[in-house]
Each structure stands twice: as C-alpha cells, then as structure tokens.
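Student: I should like to learn how to read the main features of a model such as this one. May we take them one at a time?

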Amino acid sequence: MNYKLLSLCVFLLTFSLTGLTLHAQEGEESESGTAAVDLDAGKSLFRSQCASCHNKNMKDDLTGPALGGTQERWAEYPREDLYTWIRYSQRMISDGHPRATELWGTWKPTVMNNFPNLTDQEIENVLAYIQGVYEGTYPPKAAGEEVAAVDVGTEEDSSNTFLFITLALILFILSFVLARIIGVLNAIARAKAEGTVAPSRSIWQVLTSKSVVGLLIFALVVVGGYTTVNNAINLGRQQGYAPQQPIKFSHETHAGLHKIDCQYCHDGARRSKHSVIPAANTCMNCHRAIKKGSKYGTQELTKVFASIGYDPINDTYIEDYEEMSNEEIADIYKKWIEAEYVKDNELDIIDEEGKLVRDDQWDEIVSSLTNEQKESVAGPIEWVRIHNMPDHVYFNHAQHVTSGQVECEQCHGAVEEMEVLAQYAPLSMGWCINCHRQSEVKGFQDNPYYHKEFEHYHNELQNGEREKVTVEDIGGLECQKCHY
Amino acid sequence: MKNNDNIWVGTKDLNGDKEFVENSKKEFFELPVANELSKDESESGLKSNRRDFLKYLGFGLGAATVAAACETPVRRAIPYVNKPDAIVPGVANYYASSFVNGSDFLPVLVKTREGRPIKIEGNKQSPLTEGGTSARAQASVLELYDSTRVKSPGKIKGTSVDKISWADLDKKIGEKLTTNSKVRIVAGSNYSPSIKSAFNEFKKKYPNSKWVSYDASSNSALLLANEKDFGQKAVPNYRFDEADVVINFGADFLGSWISPVEYAKQWSKKRKVKDYKKPEISRMIAFESFMSLTGSNADSRVLIKPSEQGLAIAKLHNEIARAKGGSTVSLDGQLSSEKVEKGVKAAAKDLLEASRAGKKSLVVSGSNNTAEQQLVNHMNYLLGNYGSTIRWDRKTNISQSIDAEMNALIDEVKAGKIDAIIFADGVNPVYSHPRGAELKKGLSKIDLSISTSILPNETFSACSWAAPEPHYLESWGDAEPKTGHFAFVQPTISPLFDSRNMITSLLSWSGKEGSESEDATEYAYQYIRSVWEKNVFPSQSEFMSFRSFWDNALHEGFYELPESANQVVYAGSVSGLGNKINSPVSSGLEIAFFETVNMGDGSYANNPWLQEMPDPLVRTVWDNCLNIPVEWDGGNSIDGWKNLNDGDIVSISNSAAEKDVTVVQQYGMKNDTVALAIGYGREVAGRSGAGVGVNVYPMLSLDSDGNVQYFSSIQVSDKKGVDKSFASVQYHHTFGVSDKDPESGETINVDEKAIVTLSEGYQGSITDRTIIRHADASQLEKAVHDLEHEREHHQHLNEQSLYPGHEDLYNKGHKWELSVDLSACIGCGACQVACISENNVPVVGKSEVRKHHEMTWLRIDRYFYGDFDSPNTAYQPMMCQHCDNAPCENVCPVAATNHSSEGLNQMTYNRCIGTRYCANNCPYKVRRFNWLDYTTADLWGLNENKVFDGESEPFYAENLTRMVLNPDVTVRTRGVIEKCSFCVQRIQEGKLRARTEKRALREADITTACASACPTGAIQFGDVNNEETKVTKDKNDPMTYYALEEVNTQSSVGYKMKVVNRNPDISSVDA
C-alpha cells in the first residue's frame, strides 16, 4: 500500500512538472508569433487618435464607420491605398478612388480628419490592433487551457504565487512521503530486531496524534496572529472611502467637464497645511450665474443658496439671514423651486405634483443642512471629511504642493473622473515613506534655500557621484518630519 | 562661612542627605506604596483598591475589543460660509497688541490660529522691551479661556451673576445716579488716553466723581518723593543700560518692580561679556533682607533687616553727600551689624569711584517710605545720574497709585459718604488692601457698587452689580505707558462672553450719544480712533493723513513721538528727612513681604500655568511658603532656622493677624528675618486660585504718609505640624551630584551608579562634575583658561572611542543648537511658561508635582555658590540637550527616540510604549513621563487627572480650555514619554516658509519659544552650520561649556559661563 502511495506521488509530481515545462514552451511560441506589429502601441494610438469617432468594439458604427474587417475590404487594392486613405481621405475622394467614392457615398457629409504624421508602421499597428479586437484575439487570452494551472501564466503577479504554492505542495507531499518511508523502514527495522510486527496506526490515529494536533494549533495561531496584525494595521485606514455628502457635488462635472483648477476652490493647498474645503462664497462666484444644475436642477444648488442666504429669484443676498427661522427661509427657497418647476414644465401655475416635488426637495435640503448640533438651515455646510489623518500626523499641503511641486492627482487620484469623491491613496505611513524614498526634490538646483546648507549634494551632483537628491536625502524619512 | 568651590541647590544637597542622594540616583521617584494607599497619608485622594484595578483591567480589555470592532467614526469638515480674506485655515496670523493688566504693561504679538489666540510673543519692534516677555504675559492667553469668567452683566450673587441685559443695567445705574452723586472709580493706574477721555465725559455728567488709582503693590512713596523733589508725581525713565554701578535697596526691578521686562532688557545689555579678556560688565550691589529675584542676580549682597533699610539708605546718602559736598541728614540708631556698615562704605566707594571715572551709576529703592525715596533722589542727584541713568523725558506712567488716596476712600466708604463705587481693571482691594475687611463691610452700605472684573474676585463678591469688561485679547484699547509712547490693544477674537469695554460703559453711563448701540466693540473702536485723531495725531509730523498714521500705528502696535527735551530740575531738600525714615527695630524677628514673578499682587491666582511655575528661588509650586534662613552648625551640617525643615507648618502672627504657613529653607536670608509672598490666599478666585497659600495683606500696615509698608515685626511659633501637600521641585531631577563614597571615601558621582573605577583619564571614571561654571570678572581670564584646559581633557577622553564620530554627519545641512548665557539669565521663568504655551505641556496639579510628576519640558535649575550665608545664584535653563551621542536613543526598544540629520533628538509619541528606559538613561533628567491622562487625550478616559479639588471634569476636558492648545503640536496621551523638541514645529514652519518663498533660510525665520520669550536675550537658537548666526558665535566663544561634556553625550546646548562682578570689600566682610 505504501509503495502505491509513493508511486502516485511520483506520478503527480512528474505530471505537474511536465505541465510547467509545456507552458513555458508555449509562452515562447506565442511571443515569437506577434513580433512584427505592436498591438499595444496600436491600442494607444487608436485610443488617442481614432476612438473619438470610431467605436472601440470595431463592430458598431459611431460618428465614423465600424473599423472591423477594414483590411479585408481594402484587400483588392494596394496596401499603399489604405495608408493614403487614412492619411488624406478627402484627397482620395476627389481623386476618384473607387473604394473611397463608395465610402463617401455612404458617409457624406462626415469628413474624416487627415493624419499626415502617421508612419506606415504605426498604421500597421493600428490595423493589427483593430483586427485583433474584431476577431477577439486581443487582448491575448491564455495560451493553454487544458491544464487549469497554466492559465495563470498570462499575469506575471500571480504566476509567482502559483509557483510558490505548487512548490510548497510538492515539498509537503515529498516530506510526507519521506516521513512515511522512514516510518515504514523503522517499523521493518523494529520488526527485525524484536521479531514482532507492530500494528501500523490507522489514519484516524495519526490525525488525532499529539504532534498533528499540536501542529494544527500552531498553524492556527500563526495564521490567526497574522490576520489579526494585518487587520489591526488596517484599522482606521479608509482607502476607497466614498461617503454620501450633504450636497451631491460632482468632481467629475467641476474638475473633469469644466476643467476648474483644483486650487481655485482648494486655495489653501498652496499656502497652508490644509487644502481647505471651499467656503460657500467660493461656490457663489460661479453659481450666482449658474443657478440650476444640469443633473439635479434646483435640488442641490439650492442647498448652497440656503447655506449662505442668497435669494436666486431677486439675485440678492438676504440681510440678517442668520437670524431668520427655518420657516422664513423655507418660504424663500420653496418659491424658487416652485418657479423653476413651473418654468421647466411650461405651466402657468404649480400643479399638485409640482407641490409634492417642491416639498420633497425642501425636506431633503433641510435634512442635508441640519443635524443635532446645527438646527438652522443657514450657516456652514457640514461636509463629511474623507481624508482623515490620525492626530499624531502632521501633514502640510503647502509643503507638497508649492515646495515639492507634487501634482494633486498623485495622492488624490483621478478626481476629475469621480462623481462621488473617494479616498484614492491608502494614506498609510508605508505609502508616505515610499514616496519620500523615490521622489526627487523638485527645484533642488534653482531654489536658493537648498544652496548653502546642501552644498555637498550640489558638489556630488556636479561630480557625477550622485544622480538625484531624493526627499529621503534631505531627511524626509525622519520621524519628526511628520510626528511632533 | 566661605566656600567658593562648592555649588549646591539646597540644604539636603550640602548635607548629603541620605534620601536626597538616594533619589538623585533614580530617575523615577516613588512614594512608598503604603503611603499612597493608606487613607490618612494619601493626599491624592486615591480611592481605588485592588478590586477596582481588576475591574478597570476588565473594562479596559472589553473597551479595547469594542473599540477595535467599531467602524471609524464619521468626521465632519466645516468650512466658512464667507471666508474672511485675512484668514487661511492652518496659517497663523499675528496681531500687534499690548498686554495690559493694571500696572503690568507689555507690548506683544498675539498669534492666532483660525481666529483664536493661542500664543503670546514679544513685539520686537517695541523700543521698550525689544521683544522680551514675562511669564505673566505668556500665561495671559490661558486666562482668556478661563471658564470661571464673568459671563454677563447682572446682579451679583456671591460668585455668580443673575443675568440682565446691558440696556437694563444702564437703566438701573442711570436711575440711581443724580448729577450730585459722589461716584468713585477705583482702578489701576490710568494710562489709557481713551479711558481718560471717557472718564472726562463721565465727570461732565457727574462732577462729583473721582478716579482713584489703586495698585496693590504700590510705589506710592517713589511718586510722592518725586513730587516733592521734581514736581513730578511720576516714575522717571530709568536706564539700567547706562548704569555701570547699580545700588539696589530692595527694588525687585528684574522681577516685579514697575516695568521689569524693560529693565531686565536694559540691565542685561551691561551684563553680557563680549570679550573675556576685557570683561566690562556693570555691578549691582543689593541691600536686602531676603533672597529676591533681583538680589539673586546681584554681584554682591548686603543683608539688612527690613526695618533698617531706611537707615542704610541714609548712611549711604551721607557718605555720598560728604564726598560730593551735599547736605547730610542727622541720624540716630545703629545698623544691625558691622557687616552692613562695611557694606554701605563699599557701596559708597563704588559709586564715588564710578563718578570719578566718568561712569554712570544708579541708586534705586523699592522702599515705600517717602523720606527714604527722597534720600535716594538726592543721592542720584549728587552723583549726576539725572539726565543719564534717570531721565524725565519719557517718564513711566504705569504706576500712579498713591496709597493715601485709597486709604482716604476706605474712610469715605466706611462713613457712607459715597453714592456709587465702580471697581474697574479687576482691582481687588477687599482682598489686597490691609483694610480690605473694613472696605467689604462699608460696601454693603453703598447704594450702587459695580465691579467690571472679568473674573470673580473678593471685591466682585462684595459688590452688587457686574459689568464685566472683555479680556485684553478681545477688546480695543490704548495705553500711554511712557509719555509720548502710545500703544494699542487690539482684539484678536470676538468676545467670548457678554462683556463690554470700559470705554463704552463709561460713555453709556454718562449718556453719550450712540453709546447704547448694539456693537459695543465697534463703538469703543470708533471712540479710540476719535481720541487719537484729536490728541495724538496732531502732535506728530511723520504722517500726513490720519488714516495712514492710524494704520501704521495699529500695524506696529504702538507709535512713539520724538523725545522732547524736558526741563525738570531737582528742587528738593533733605533737611529733616533723617527723622522721617523708618526707624530700625533693634531686636526681634521681622518679616519682609514681597511680590513674586508669577502671582503678582494676586490677580493671576486663577492661572494654573503660573501657579505651577515654580518660584524661581524656593522652587515651590501652588503655595506661598515662609522663607526661613538656614544656619550652619559650625560642623558638617546646615540646618533650617529653629531646626525647621521644608514643609513644616508654623504659625506667624503680628498685631494684625495670625496665619498658619508652610516653611521653606532659603539661603541668603538675614538672621532673624523671614519672608513671605503676597498674592496668595485668595478666597474667591475660581477653581485654581481659591485657597492656594495664605493671604498676608491683612498683616501689612500704613506709615504716617499713608504708604503701605511691606515689612513688619513678627512672632513665629515652633513647628506645629507637617504640610502633607507641600510641593517643591527643589530636589527633583537633580543631576551632576557628587558625594563621598561610603566605602572608598572618594568623591563619586551619585547620580550615575555604573562608575568605572579604573583611574583618572578613562571614560566614565571619577571626574568631578561641574554643571555650573562661574567666575568673577576679575579672574575671568584664568577661569576661561582653566575651562579650556578642562574641555581639552574631556575631549581627549571622548576621542578614546571605538565608535566613529559624528562630525561628518552633522556638518552638512542644518544643525540646530541652543546657547544660554548664564550671565544674562535672571531666572524670571518667561521661557518656561512660553514652552508650556507653545508645546501643550499639561498642568498636573500640586499633588502630582509632589510625586515628581511635573511635565515641564524646560526647567530652570537654580544653583547657589560662594558663601553659605550670602551666596551668588546661577540659573540654568535645562531642557533636552539633543545630544549627538544620546544615551536615551540606544536604550529605546522600539526606536521611538532617535536622531535626525539636523541634530535633533526626536521623540515619536505614537511609537513610544512607555518603558521609560530613555528617561532612566538621561544624564540631564529632562524626559517626562505621562503617568496619567493629563490632557484627556486618550480615547478612554481611565486615568484622567483632576488638577483641582471638587472638579467635575478634568481641567483639559473642557472645550473652552482646550481652545488654548497649539494645533501643530500633538497632545500626548497617557503612557508616553515626552520632552523638549527644540520646537520642531517652528523649525519646520520656518524652513517651509523659506522654501516656498524660494530663498535662503534667515536666522530670524526660526527660533524656539523659550528663546523668543526671553527678556534678556540669554537664550539663542539657530543653525550652527551657518557661521553667521548668534548661536554659532556663542559656540565658538571660549566661555561656552557643555554640561557633563566628559560623559561624551555631545550635547547641543552650550552654556556660557556665569560672570559676576563682585565687590571684593563686601565679599571679605563675611570672612
């Protein structure tokens, strides 16, 4: 029986190793097959130049026709004709190229842009990418599908993990087998010496033996401890935290669509430790003109007006607004919501549904602007703070934005794409430290601050002994740069 | 007894007290557990037992589990609705203003963050103080956030107020007053042009009204003497920076006399040795009966009995008069000893020599006897000091009160001759006048009594109506502290409570139009503006428009008119003065009463920062203790007078009162003399001031001119008991102590147990540690050579190391160091309070201090040296030395303390696990451990410390109090070590400013709170890798040494040798 087990193990081992070898060979093959054109370069080119008019799936029309199968449709003409078509389509139509005239008939008056700067190779890349997407071969899928394990090969990150797991498994089986062999040999030796055959233990006995139970408990403690520590480290970290805000303010609309500079509103970032949540009067710089939102109409913007005391109907700021009761305030803004509702629905007088909409909107505004401590609608908007640092961390925006010239996106991510703002970075100490290790000190050569006391670095830079001065080099990893 | 080699801190030190030696070996002092837990011994009110401990333990575990499972709480970010242009959240704004409290005046800059004042800095532009500050001004920001402040106008009921509106109050007052009403306004010296003008308006309506200036600690005799001799009832402009010889008869001009910060600045200019080969420093000889702050800084002291001060002045006067050909006074009575006689002669010699050499001198006296002050005036006149060290061109206005006027007022009140009385400026005569009890009784007879005090006090409680003034940080105001020097008080925060400016109140009561307007602050502002436009603006020619004049003055915080020649001539005479001086009492015990730097006349009693600031000399906290002399038994022991020890209770009595007081031993006291501070023993003073110490004002008496006399005959009982709450930091955190080894008989360093007893010349072997270096000016050159030799030896020892040096590490980039000039440090404590304010250092309370748990990052060690009976004093500010070879760093198991590339010894609180190994290993004993949750920073308030008795919540738990915290400095939790960080937040801020402005770092960009607060410029901070900075120059000065340099800590704080300029004749008197 023991020998059976042994041979099974050896078989399994051989099988896995063969699988690995197989995969390695296949990987090489697939690489050599696509050496002539660069699909990835084609992709980025397509994204930047073509995607605004041609559909990404290559199968449906958009402003321009679907590009899937282009090469086949042009197959009867010389390849150069296709290049010319892409570079100078209008010239080709006026020259009376049959394929060009055919397309113009279908698509006029839409004119395709000229792309005189594209090289032949670049066009080939794009074409190959188009074909790849059209035929479903790009992005490339796993080469071998017969052994599940080999699938991992496409992604580098997990391939190592898989290798480790496999190795661990093999080693475990190996040690298990060896242990058995030793056990059997010992039993034989004992049998020879004592002349009796000791009864071999059953699987159950083995599993409930002290050493196995001990081992299990030990493993449990290690795994439990590891998880506890990891979770404890993550306590209070809020990466991805995207709470509902009192106003459905969209960074996508403001920073993305309208391209308002971050520091227009967050004007503390360049000169203070705080980036500063803008005051309501900053909102009013624009929203005195734009009184209704594109998405929510009067619903969200009225909250800003109600906070600061702006009367949108008369375009005035209300006197002694803070002293007014919530009922008086309600009258003003309900009138505004009502007026806009009437205008939008082209009514003469508000209907029953309109009244409902108006009251619902106002209730929502009141609940957003008030809480247990703040009873009046008037007064500051209490935003939910997303980036929360522990009290023992000193972080200064000006240091990073003005002195360090760090882009906002580096820590806050693509805010211009966030409808609801989320915390992009983990804001963990490891994350900070890592950046301090890698980042070069901006303006080290030009800023007179660095001249005198850091002369030695300048000398080293000049001698070529040093490539760059990182934040770490000027003490950016020291405790009391952030903790005091 | 003469002993020039020894340096000591107190009797226990000199006597080699067993307990003291034992404690100096340990970093952490532990009271015996039995003591702590037994009911009768425990002063801490500890009520927990073992079962409670287990309960808390269980709760703690449970709480931690629950906390771990909780979701992160939702936090809010609340922006402005309309953001003011001037405010950027996170960036501090500074406003030039003036700290004004009665006769305390100081030009300041107020640091505000998000619209709340958090720190006081000195105004460096001001010619008066050049940026110096005092402990009182530094602590004033805490008073703003005092939750016991009077919160609204209304009817006074004890310490609280039944609220009514200002309009109703004005109406009630209007009803009670008629044109003929006799109104008395009792206030501090009135040197505000606007209040003067407002009072004139008031007087127009009520012609029988009168302003009575009242300073509890008065200079009445000085004013009267000047009136007689110069026709000026004023304090002249003293110029200590011009005087080469200062003879001082009990004027505490460095601590509390008239304008101490200004005088300290001036005096210190003459005290810093620039070139050790030519040490040209001034000399101060102090005639005093106890060790005062100024006396402790004197070069030579002559001990006199309090009652013989007049005689000593007169004798000196006669010496001078004889030499200068002036008229002498006839005297009877004898000086108490030959020593005093010789002292007077020596002082006369110094004065006359200086006069002959064309140098300037100055004689000042704190005496409150008119005749004595007139003799001083005559002396100064004969010596030609008027016009040079004493000037009349810019006379000082901050002290104007005449004791007799207040005395007469009390008679009036008693007789019921007055219709209304208003106590303004927080004056508190019911507490602070010797006849306070009579006044209190009289007040009940007066129909209308109003107190405008911002804090409830004894006088407030005796009045019927409250009309609270705002704190100086929330109000508009102005001042003319010196003639021609106008200063501003400007608000830095909206009034926290319903208070009204005194100007507005006076104008409302006089029915001035518009004064009833809603915005009292704005009204006061407009009024001050109009007064300046009318009174100040026309006398200057620098600015064309009033607007530019006003804006400029407001920006600077003051405006100074050019000096105008003032033709004041001496027209006095000394005839007959000999009979008018205080006659010396030949025998019996006497007591001297004095004002301390922290408590003042008692108006600062409710400020815990000041209460916990140790007295500079006896180093007690939260108490005024009876200073008693020490006596040498002729053998090995020095004991307290009557064998009294620190913390014993005795009873003192004179004809007026009897009090039980705690005693403390003090060096440099005249025999048969004791001393006790005024300003304590408040009864109505909020939670931190009430019941602290004893009130000695009732023991004072008035002389024939009506001046209050600050000394008296006294009887002192034998020991009555022991004060179990006595707290003195005298013997806390001592270091560098040497003692005889009981086994070998050799001198060993007792604070370091691990001593390598190989032989001389090895690292760690027995070396005599001197942490204070001092020299007399006459022997300075030799002392500097000795020091150089010694330092060479130390450095040689330090080079014998296996480890590489740090030179290469720290000679690049920045390297922060501090230097302290011991000759300029006067021990005033401004730096200590500034540090507390800047770094959120908690108040721990008396019982915690008693357990050596005080948290101050900077302590001022006081050492005596020289003669045992009249020693010289050295003050050594001791903070973290930021050693490059720091012993604390090596022993931290979690690397919570380590070194930065800029030479800072960094302490990371969030990493600290509280092993306290670092503190144990610190040779300077500057690390502090948070034994309890002093700042209520913990998530779970388990071990919060209640500073005051009967508190419902800990001191720092109150939101109003927490507004004083500096948001740039972490509030430390229980269980972590903390220490001086060289104000790293200021370093970082300064560097950032330079970087963002794209310029090189300037010396002025960065300084520590202590250095910036120092009135004498004794502390300097800067980058030693920049050879231009003052600190680099100090580092290279041959007079600079490093404390415990021989133990190779490579510390970053250099101390400059203390140099005194003793009068050899006086020193020899004691031989």
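Student: Among contacts in chain A between residues at least 6 apart in sequence, what percentage join residues at least 24 apart?

Tutor: This is a predicted model, and the share in chain A is 60%. The count leaves out pairs of residues less than 6 apart in sequence.

Student: What else describes chain A as a whole, beginning with how many helices and strands there are?

Tutor: Chain A holds 20 helices and three strands. Its length is 484 residues, of which 33% count as buried. The exposed area of chain A is about 30000 Å², with 57% supplied by carbon and sulfur atoms.

Student: Which residues of chain A make a nonpolar surface patch?

Tutor: In reading a patch, one asks which side chains form it and how much area they give. Here Leu171(A), Leu174(A), Leu178(A), Ile181(A), Ile182(A), Leu185(A) and Ile188(A) make a patch of about 620 Å². One of these residues, Leu178(A), belongs to helix H8, residues 156-194 of chain A.

Student: Why does Leu178(A) count as partly exposed?

Tutor: The class runs between 20% and 50% relative accessible area. Leu178(A) is partly exposed because its relative accessible area is 47%.

Student: How many residues are in the largest nonpolar core, and which have the most contacts inside it?

Tutor: A core is read through its buried nonpolar residues and the side-chain links that join them. The largest one has 150 residues, and those with the most contacts inside it are Phe444(A), Trp609(B), Leu780(B), Tyr924(B), Phe982(B) and Tyr1055(B). Helix H5 of chain B, residues 135-144, gives the largest share of this core, with six residues. A second core, separate from it, has 74 residues, including Phe105(B), Val245(B), Ala286(B) and Leu352(B).

Student: Which residues does Tyr924(B) touch, not counting those up to four places away in sequence?

Tutor: Among them are Phe735(B), Arg859(B), Met878(B), Cys883(B) and Leu1044(B). Gln881(B), Thr1049(B) and Ser1051(B) also touch Tyr924(B).

Student: Where do Lys642(B) and Thr936(B) lie, and what is the phi of each?

Tutor: For a positive phi, one checks the residue type and then the setting. Lys642(B) is not a glycine, yet its phi is about 60 degrees; this lysine lies in the chain B loop between strand E24 (638-640) and strand E25 (648-653). Thr936(B), also a residue other than glycine, has a positive phi near 50 degrees. Its loop runs between strand E41 (928-929) and helix H29 (959-962) of chain B.

Student: Is each of them buried or partly exposed?

Tutor: Lys642(B) counts as partly exposed because its relative accessibility is 36%. Thr936(B), at 12%, counts as buried.

Terms used. Residues are numbered from 1 along each chain as its sequence is written. Chains are lettered from A and ligands numbered from 1 in the order in which they are written. This is a predicted model: local features need pLDDT of at least 70, side-chain atom pairs count only at pLDDT 80 or more; totals for chains, interfaces and linings use all residues. Side-chain values use heavy atoms; hydrogens and water are left out. A nonpolar core is a set of buried Ala, Val, Leu, Ile, Met, Phe, Trp, Tyr and Cys residues joined through side-chain atoms within 4.5 Å. Buried means under 20% relative accessible area, exposed over 50%, partly exposed in between (1.4 Å probe, protein chains only). Helices (H or I, at least four residues) and strands (E, at least two) are DSSP runs, numbered from the N terminus. Contact means heavy atoms within 4.5 Å. Patches are made of residues with over 30% relative accessible area and no salt bridge: like charges are joined within 9 Å, nonpolar side chains (Val, Leu, Ile, Met, Phe, Trp, Tyr) within 5 Å. Accessible areas come from the Shrake-Rupley method with a 1.4 Å probe; for residues, only the protein chains shown count as cover. A salt bridge is a side-chain nitrogen of Lys or Arg within 4 Å of a carboxyl oxygen of Asp or Glu.
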